[in-house]
Amino acid sequence: MTQNCIVIVGASGAIGAALTHRFASAPNAQVFAFSRSPKTWEQINIEAGRLDFSDEDSIRQAAKFVAETGPVDRVIVTAGLLHTQTMRPEKALKELESANFEACFLANTIGPMLVAKHFLGALSHQRPAVFAALSARVGSISDNRLGGWYAYRSSKAALNMALKTASIEMARRNKQAIVVGLHPGTVASALSAPFLERVPPQQLFTPDQAAGHLMNVIEGLRPEDTGKLFAWDGSEIPF
Ligand SMILES: NC(=O)c1ccc[n+]([C@@H]2O[C@H](COP(=O)([O-])OP(=O)(O)OC[C@H]3O[C@@H](n4cnc5c(N)ncnc54)[C@H](OP(=O)(O)O)[C@@H]3O)[C@@H](O)[C@H]2O)c1
């Protein structure tokens, strides 16, 4: 049976760690779990490595390391940023700070696309292969009814555009490659924690539930889905 080679970038995060565990539980899986500070994993088919969006050489080295084992079947970028101790999503224009915009764009747009730059060439040409980055419904321009969250929204909208652009390039280079954005739903994590007060319990997923939903979507993707943005339930989100 062919081995499945899976790469998770942002494996220290809530959804990233849950996806790493789930993918590693599949038969014949070899999972590479990258994060800024590599974690220790119990499953022996998980190899941890360092990858930092602010250090492109770490991304280049990670891709080189993975390519030594052969073609890659799935690359899932699960890293992202909404707030830090000193940065809150903006409610009004007067709160805009260039440093916050830069931090959001590094984590949500530039980092994932540098991963695409270095990993897309390693995707399998023999069978359908997926590059997915976790985006967010709030990055949909047509879905924006509430406003606010300028930097996060903009960086996810830019990610959606960059993924679509990469999908067009990849359609010429590798017909088996599927490039998509994924919205995981509202998931209990450090990223969402300050904003969960008004979320009804039935609309809040655990990281493991979210990982299950995302795996279902990823494993159901077809080549004609490339360039699109999908929600956790498989529905397409218009840009
Ligand atoms: N949770 C939700 O409700 C929700 C909803 C919609 C979309 N999403 C998206 O889903 C993804 C995962 O979110 P989560 O809920 O699992 O968040 P999380 O638990 O806070 O994990 C965030 C991950 O991103 C990594 N990261 C942040 N900034 C980074 C940078 N500059 N360079 C490299 N890695 C960086 C973190 O690494 P460190 O451990 O090194 O800090 C961590 O692994 C994000 O893209 C988020 O936008 C989440």
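Before anything else, one definition: a helix axis here is a line fitted to C-alpha atoms over the stretch in contact, and the angle between two axes runs from 0 to 180 degrees between their N-to-C directions. Good morning, everyone. With that in hand, let me walk you through this structure, which is a predicted model.

Let's start with helix packing. Two packed helices are described by the angle between their axes and the distance between the axes. Take helix α2, residues 56–67, and α3: their axes come within 9 Å and cross at roughly 40 degrees. Angles under 35 degrees would count as roughly parallel, so at this angle α2 is oblique to α3. The crossing of α2 over α3 is right-handed. Who meets whom there? From α2 we have E56, I59, R60 and A63, and on the α3 side L114, V115, H118 and F119. By class, that contact holds 5 nonpolar residues, 1 polar and 2 charged.

Now stay with α3 and turn to its other partner on my list, α4. Here the axes of α3 and α4 come within 8 Å, and they cross at roughly 20 degrees. Are these two helices roughly parallel or roughly antiparallel? With that angle under 35 degrees, α3 and α4 are roughly parallel to each other. This crossing is right-handed. On the α3 side, the contact uses N100, F101, C104, F105, N108, T109, P112, M113 and A116. Facing them from α4 are A151, Y152, S155, K156, A158, L159, A162 and A166. The class count for this contact is 12 nonpolar, 4 polar and 1 charged.

One more pair, please: α1 and helix α5, which covers residues 207–219. Their axes lie 8 Å apart, and the helices pack at an angle of about 60 degrees. The cut-off for roughly perpendicular starts at 65 degrees, so α1 and α5 come out as oblique to each other. Their crossing is right-handed. The α1 side brings A14, I15, A17, A18, L19 and R22, while α5 brings P207, D208, A210, A211, G212, L214 and M215. Sorted by class, the residues of this contact are 10 nonpolar, 1 polar and 2 charged.

Next, the ligand. How many residues stand around the ligand, and which come nearest? There are 28 of them, and the nearest are G13, A79, G80, S189 and L191. Two helices we have just met turn up again here: α1, residues 14–25, and α3, residues 98–119, each supply at least two residues of the shell, and so does strand β7, residues 186–187. As for chemistry, the shell has 13 nonpolar, 13 polar and 2 charged residues.

Let me now pick out a few single residues. G185 sits in the loop between β6, residues 177–183, and β7. Is G185 buried or partly exposed? It takes 20 or more C-beta neighbours to be buried, and G185 has 18 other C-beta atoms within 10 Å, so it is partly exposed. Leaving aside residues up to four places away in sequence, G185 touches F205, A210, H213, A231 and W232. There is also a long jump in sequence: G185 and L214 are 29 residues apart along the chain, yet 9.6 Å apart in space, C-alpha to C-alpha.

C5 gives us a second example. You will find C5 in strand β1, residues 4–9. It counts as buried because it has 23 C-beta neighbours inside 10 Å. Beyond residues up to four places away, C5 touches Q30, T69, G70, P71, V72 and D73. The C-alpha atoms of C5 and A67 are separated by 9.8 Å, although the two residues are 62 apart along the chain.

Finally, some backbone angles. Most residues other than glycine have a negative phi. Which residues here have a positive phi without being glycine? N28 is one of them, with phi near 65 degrees, and W149 is another, at about 55 degrees. N28 lies in the loop between α1 and β2, residues 29–35. W149 also belongs to a loop, the one between β5, residues 129–134, and α4, residues 150–173. In terms of burial, N28 is exposed, since it has 10 other C-beta atoms within 10 Å. W149 is buried, because it has 22 C-beta neighbours inside 10 Å.

That's my tour. Thanks for listening, and do have a look at the model yourselves.

Methods: Residues are numbered from 1 along each chain as its sequence is written. This is a predicted model: local features need pLDDT of at least 70, side-chain atom pairs count only at pLDDT 80 or more; totals for chains, interfaces and linings use all residues. A residue is near a molecule or strand if its C-beta atom, placed from the backbone, lies within 6 Å of it. Helices (H or I, at least four residues) and strands (E, at least two) are DSSP runs, numbered from the N terminus. Ala, Val, Leu, Ile, Met, Phe, Trp, Tyr, Cys and Pro count as nonpolar, Asp, Glu, Lys and Arg as charged, and the others, Gly among them, as polar. A residue is buried if 20 or more other C-beta atoms lie within 10 Å of its own, exposed if 12 or fewer, and partly exposed in between; C-beta atoms are placed from the backbone. Two residues are in contact if their C-beta atoms, placed from the backbone, lie within 7 Å. Angles under 35 degrees count as roughly parallel, over 145 as roughly antiparallel, 65 to 115 as roughly perpendicular and the rest as oblique. A crossing is left-handed if the near helix is turned anticlockwise from the far one by less than a right angle, and right-handed if clockwise.
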